[in-house]
Each structure stands twice: as C-alpha cells, then as structure tokens.
Amino acid sequence: MNLILWEIVLLGIYVQQSVSQMVDCFSSFTLSTGKCSGLLGQVKKDDCCLNTNYGYKEADGVCRSCGWPVWSEWTRWGECSVSCTEGVSQRRRSCYGIGDCADPEKLGKVQTKPCVKKDCCPVEGGWSEWGEWQLCSVTCGNGMRKRRRTCSKPIPQCGGSCSGAEEETTNCSTEIICPTHGGWSSWGNWGPCPVTCLYEGRKPEKELRTRTCTNPPPSVVPRGNDCEGSDTDGRPCSGRPFCLVDGNWGAWTGSTPCSVTCGVGQQTQRRMCDSPKPAYGGRQCRGEEQKTGVCVIAVPCPVNGMWTEWSEWSPCRPPSTRKIKCNTREGIRRRERDCVDRKHNESVCEGEIVQHGNCYDISDCDMKGVLSEWSEWSYCKPYCGRYSEQTRERKCVADISKYRSQDRSIFAGDPYVNCEGLEPQIERRQCTNVPECKDEVVILCSELMYIIVC
C-alpha cells in the first residue's frame with residue numbers, strides 16, 4: 001500500500017468517526033515484542049497516530065502500532081502437544097499497525113507441524129508374588145526380617161514402572177536372651193607429666209589416663225564380650241618448656257678456591273654452630289666462625305699493555321704539490337704512540353697506534369693580531385685565606401677568521417703576529433667562603449705584590 005492509499009485510508013477513518021477515540025499515547029512501539037514505551041499522555045487516537053512510529057493503548061490495555069500494517073517475526077516453535085508418540089508443535093506471529101497485513105502466501109497467524117518427543121508411551125508393569133521371609137536380622141532378642149518382590153508380571157515397557165514398595169519388613173523374635181557385652185566407662189583425669197622439660201627432636205614423655213570396663217560390665221550367663229581396646233591412654237606432655245641446648249661447632253669445611261689465579265691470594269674455611277645449634281636459652285658457640293689463610297698460585301700475573309703519551313705532531317705537509325704555508329689550504333700531519341709493558345699474554349692496547357689530522361701551516365707567517373675571547377676563570381689562588389681570587393685574561397693571538405676551521409689546535413707553527421695597540425687584559429674576582437690558612441705562609445701571585453701571613 002503506497003503513501004497516497006494510506007492517506008486515503010486515514011481520511012476515510014476520520015470521516016467515518018466524527019469523534020476520535022481517546023487513547024494512551026506512547027512515543028515508541030517495539031515490533032519484536034509488541035510493547036509500547038515512553039507514555040506521553042492521553043490524547044485522541046488520530047492525533048497520536050500523526051506519527052507512525054508511535055503506539056497507543058485503548059481501554060482493553062493492548063498495545064497497538066500507529067504504523068503501516070506489518071507482521072512480527074515468527075515465535076519459536078512451541079512444545080510438542082503430547083509427551084509420547086506423534087503430536088503437533090505451533091508457532092505464531094502478529095499483525096501490528098492500522099489495517100490488515102498482506103499475506104500473499106496465505107501463511108496466516110499460526111503455523112503447525114508434526115512432532116515426536118518419544119516414539120512410545122510408558123506401559124506400567126505388575127508385581128510378582130512376595131518371596132519368602134528372610135531370616136531374622138539378629139541371633140538373640142528381637143530384630144527385623146524382610147521379603148521382596150519383583151516388577152515382572154508384566155515387565156514395564158517404554159520407561160514404565162510398578163507402583164508400590166519393592167521390599168516389606170516386619171518384626172521378629174528369636175526367643176533367646178542376648179548376652180550383655182562390656183562397655184567402657186569415661187576416661188579419668190590425665191595424670192602428671194613425669195619430666196619438667198622436653199628435649200626437641202626426641203620422643204616426648206607421656207602423661208596417662210585410665211578407664212574401666214564397667215559401663216556396663218559384661219554378663220556372666222550368657223557370657224558377654226569384654227571391652228575391646230586398652231584401658232590406658234597416653235598423650236605427649238604439653239605445657240612444658242624445651243630443655244636448654246648449648247651450641248657446639250661442626251667440622252671445618254674444605255678451603256674455598258684461592259681468590260686469585262696468579263700470585264698471592266686468600267682462601268677461607270667456615271664452620272657452623274650446628275652440632276647442635278644453641279636453642280631455648282642455651283649458650284652460643286665460642287670462637288670464630290671463619291678463618292682465612294694465604295694461598296700462592298705460582299704463575300706470573302698478566303700485565304695489560306699501556307699507551308705512551310702521543311708524540312709531537314709531525315710538520316704540517318701539503319697533500320699534493322700545491323703550496324699550503326701561509327695559505328688557507330689544509331695540510332696533513334701525524335703523530336704516534338707505543339703500547340708498552342704488556343706481559344704474559346695479556347691484552348694489547350685498544351685503539352690506534354698512529355693518528356692523522358688536518359692542519360694549517362702558519363709557521364713564520366705575518367699575521368694580523370686580534371684579542372682572544374676571555375679564558376675560563378682560573379682556580380682560586382691561594383687556596384686559603386680571605387685574599388683568594390680567580391683570574392681570566394684576553395691576549396693577542398693570530399687572526400684566523402679567514403680560515404674554514406676556527407679550532408686553533410690544528411694550526412701548526414709559530415707565526416709573526418702584529419699585536420700593535422692590543423694590550424693583554426686581565427680580570428680578577430674575589431673567592432668567597434674560602435677556609436682560613438693555618439700555620440703556614442701563603443705568597444700570592446706576583447700581580448698582588450704583597451705577602452699575607454695566615
């Protein structure tokens with residue numbers, strides 16, 4: 001049904017009903033459950049169903065949909081109509097909405113199919129005749145006896161059974177007087193412990209109690225049995241302290257391996273205060289737990305190689321035939337060192353024995369002078385007293401600004417530097433909280449021009 005037809009249906013309903021029915025209007029209708037939710041209030045049915053997603057309830061309390069007529073999902077198949085042999089199972093669906101749901105396949109609201117839970121139905125059985133009575137359950141006095149029957153006339157079929165009891169009991173008497181067997185009285189009180197302290201690890205002494213075969217005593221005629229078991233009971237003493245155990249040294253262990261693999265080392269021996277351990281206030285072992293002795297491994301110890309200081313750099317040489325002296329072209333130089341004092345197969349020195357480096361040859365070159373950057377502050381001098389101070393300086397150095405590297409350590413040789421008008425500069429600052437000098441004379445550097453006696 002398209003939208004135009006649906007509007008015609010609603011219009012026809014409106015025309016036929018001059019007064020619209022009042023209903024409880026809900027903001028939601030759930031198709032899977034057929035339930036309304038979100039109660040908005042009581043309004044006219046036509047007003048509620050202006051929104052096809054809404055639902056409503058009339059006086060019968062059944063929730064209905066304002067939407068197009070549509071089938072719900074089929075329910076699950078119901079239980080079989082009988083518990084045995086063939087029956088039927090059903091499932092249902094509901095039509096929700098205004099109008100009738102389309103059913104082109106003629107499925108209807110209910111579907112039915114055959115079902116079988118069990119191929120056959122139970123057939124009750126029948127009891128046989130009662131058997132003979134069994135012997136009395138006792139050999140004297142009064143007891144019980146039994147008889148039985150079977151569910152076999154006929155045998156039940158397809159899970160059937162017989163109604164009633166399979167077993168029957170009745171009283172019986174032997175007409176014989178029974179003997180009275182002895183019974184134990186209650187245990188008496190525990191006796192005292194025979195010791196004042198207990199040794200740990202040893203089987204403890206016991207405290208005892210007794211009982212008598214008088215509850216009741218065994219009969220004489222007919223003869224009753226004596227009581228079974230012992231008339232005496234024992235338990236380990238409790239509430240007693242452990243006896244004092246003084247400690248004693250165990251044997252010295254074997255010596256440990258020598259602490260070195262060459263030359264002179266040490267090795268130790270130990271003993272434990274465990275033969276026995278001191279316990280419960282007993283005395284500790286007296287003497288040393290460990291002793292140390294000298295050991296000698298008569299093998300010369302390896303000596304690692306050590307590098308000597310680097311030699312002076314070789315003269316800066318051109319890498320090709322082009323001139324580098326007093327020029328901004330880089331040269332090359334080298335320096336060496338030796339690995340010395342390696343003995344007894346020890347490791348050689350790590351690192352290179354020869355080092356190459358770039359350099360600029362400024363030997364005997366005429367160069368413009370410039371003031372250097374300020375040096376780092378010196379250490380406090382003198383090291384004590386209230387006149388201790390730090391200094392830093394600027395001095396005239398060769399101008400290397402036209403060179404690619406400003407690292408002065410790679411400039412080789414002594415140039416002629418024009419320092420005209422460039423006087424060295426020195427700054428000083430006082431060191432604070434310097435410790436006082438004690439029993440000595442400290443002479444300050446020559447710039448101070450005086451002597452302080454601390």
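**Disulfides, burial and a sheet**

Tutor: In this predicted model, Cys-193 and Cys-237 form a disulfide, with their sulfur atoms 1.9 Å apart.

Student: What makes the pair Cys-193 and Cys-237 a disulfide?

Tutor: A disulfide is a pair of cysteine sulfur atoms within 2.5 Å. The sulfur atoms of Cys-193 and Cys-237 are 1.9 Å apart, so the pair meets the rule. By this rule the count comes to 22 disulfides.

Student: What is the handedness of the disulfide of Cys-193 and Cys-237, and why?

Tutor: The torsion about their S-S bond is about 105 degrees, so the disulfide is right-handed. Cys-193 lies in the loop between β10 and β11 (206–210), and Cys-237 in the loop between β12 (232–236) and β13 (263–270), so the pair ties together parts 44 residues apart in sequence. Strands here are DSSP runs (E, at least two residues), numbered from the N terminus.

Student: How are these residues numbered, and what are the limits of the model?

Tutor: Residues are numbered from 1 along each chain as its sequence is written, and side-chain values use heavy atoms, leaving out hydrogens and water. As this is a predicted model, local features need pLDDT of at least 70 and side-chain atom pairs count only at pLDDT 80 or more, while totals for chains, interfaces and linings use all residues.

Student: What is the mean pLDDT of the protein chain?

Tutor: pLDDT is the predictor's confidence in each residue, from 0 to 100. The mean for the protein chain is 84, and 91% of its residues reach 70 or more. Over residues 1–18, however, the pLDDT is below 50.

Student: Why is Cys-84 called buried or exposed?

Tutor: Buried means under 20% relative accessible area, exposed over 50%, and partly exposed in between (1.4 Å probe, protein chains only). Cys-84 is at 11%, so it counts as buried. Its disulfide partner is Cys-121; at 31%, Cys-121 counts as partly exposed.

Student: Which residue does Cys-120 join, and how do the two compare with the burial rule?

Tutor: A disulfide joins Cys-120 to Cys-158, S to S 1.7 Å. Cys-120 has 34% relative accessibility and therefore counts as partly exposed, whereas Cys-158, at 18%, counts as buried.

Student: How do you know which strands pair with β18?

Tutor: Two strands pair if DSSP finds at least two bridges between them. Strand β18 (residues 354–361) and β22 pair in the parallel sense over two bridges, so the rule is met. In the open sheet the order is β16-β18-β22, and the edge strands β16 (331–336) and β22 (411–412) each pair on one side only.

Key. Contact means heavy atoms within 4.5 Å. Helices (H or I, at least four residues) and strands (E, at least two) are DSSP runs, numbered from the N terminus.
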